[in-house]
Amino acid sequence: MALIETRGLSKIYTLGKNRQVVALNNVTMGIEEGEIFGILGPNGSGKTTCLKLLLGIIFPTEGEIEIMGENQYSVTAKKNIGFLPENPYYYDYLTGPEILKFYGKLFDIPLSVISTRTEELLHLVGLYDARNLTLRHYSKGMLERIGLAASLINDPKILILDEPTTGLDPIGCKETRDLLIKLNQAGKTILLSSHFLSEVERVCTRIAIFHRGYLLSSGTLDGLMKDYQAENLEDLFVKTIEKFDTQGKQEFA
Ligand SMILES: Nc1ncnc2c1ncn2[C@@H]1O[C@H](COP(=O)(O)OP(=O)(O)O)[C@@H](O)[C@H]1O
Ligand SMILES: [Mg+2]
């Protein structure tokens, strides 16, 4: 059984009286334990919507989600997930340890555990030496790393990251990527979204290509490239979308 499963997942946003946006259309996919699974797609393809549905922050119009055998609203699911949103907003005047304490308390984690984990996490993300700095003095890369640490405060089995390297410079990207690989090796299952082809190529064990709310294809990069006779990820991406545009939506709906 997959750690995360969606079946026929759809989301329609209603704007005003008659306008509707189909953000996600009949998406069925599974994420296995131990994977780094990448949802890849251009802006507006439904990536964030999909992640928010998994987190139970928004509600599906149709379809079902199972996380570790339970639905997305269960306490077990919540306890086992860490989430790093696309544009996290933190309290500027707190230090790294204070932020981690705040998030730890939200999870009702005992203070002694929070404090041990804080130390471990600050070392892990390379912010231990900056522990006395308030976040307003952080660089973008440091903010991303404290966010990652915060998403790990509950020692989750599953880590969900929305566009984890967007806005980071090449060094920040590499640091984040290396960290994700390290976390995966330490046993975390990772689900990330990205519109960066190269990022996904470098870290993900399997990918799902999203386009206009449709899941066009999913599998290992090698497998997909073979199926589509693509030379690289970019070529695969273009070919998948071309196929969708020429064959129409019927096959995917
Ligand atoms: N809260 C919302 N209300 C209305 N439309 C939305 C909302 N959130 C997202 N959308 C629309 O749904 C589509 C998918 O958006 P999103 O899931 O954010 O895509 P991505 O993360 O891939 O950029 C887009 O057309 C977007 O404009
Ligand atoms: Mg998004």
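This is a short chat about a predicted model, its domains, its core and its ligand.

User: How is the chain divided?
Analyst: There are two parts in this predicted model. Domain 1 covers 4–80 + 156–247, and domain 2 covers 91–154.

User: What distance separates their centres?
Analyst: Taken over C-alpha atoms, the centres of domain 1 and domain 2 are 26 Å apart. The contact uses twelve residues of domain 1 and eight residues of domain 2.

User: On the domain 1 side, where does the largest share come from?
Analyst: From helix α6, residues 170–185, which gives five residues to the side touching domain 2. By class, that side of domain 1 has six nonpolar, three polar and three charged residues.

User: OK, switching to the core. How many residues are in the largest nonpolar one?
Analyst: It has 57 residues. Those with the most contacts inside it are L54, L100, A149, I160, I190 and L191. Each of domain 1 and domain 2 supplies at least three residues to this core.

User: What does L54 touch?
Analyst: Leaving out residues up to four places away in sequence, L54 touches I4, I65, I67, Q72 and I160.

User: And the ligand, which residues surround ligand 1?
Analyst: Y13, L15, V21, A23, G41, N43, G44, S45, G46, K47, T48 and T49. Elements giving two or more residues to that shell are β1 (4–15), β2 (19–31) and α1 (47–54).

User: Which element gives the largest share?
Analyst: That's α1, with three residues of the shell around ligand 1.

User: How does that shell split by class?
Analyst: The shell around ligand 1 has seven polar, four nonpolar and one charged residues.

Definitions and conventions: Residues are numbered from 1 along each chain as its sequence is written. Chains are lettered from A and ligands numbered from 1 in the order in which they are written. This is a predicted model: local features need pLDDT of at least 70, side-chain atom pairs count only at pLDDT 80 or more; totals for chains, interfaces and linings use all residues. A nonpolar core is a set of buried Ala, Val, Leu, Ile, Met, Phe, Trp, Tyr and Cys residues joined through C-beta atoms within 7 Å. A residue is buried if 20 or more other C-beta atoms lie within 10 Å of its own, exposed if 12 or fewer, and partly exposed in between; C-beta atoms are placed from the backbone. Domain bounds come from an automatic or database domain assignment. Two residues are in contact if their C-beta atoms, placed from the backbone, lie within 7 Å. Helices (H or I, at least four residues) and strands (E, at least two) are DSSP runs, numbered from the N terminus. Ala, Val, Leu, Ile, Met, Phe, Trp, Tyr, Cys and Pro count as nonpolar, Asp, Glu, Lys and Arg as charged, and the others, Gly among them, as polar. A residue is near a molecule or strand if its C-beta atom, placed from the backbone, lies within 6 Å of it.
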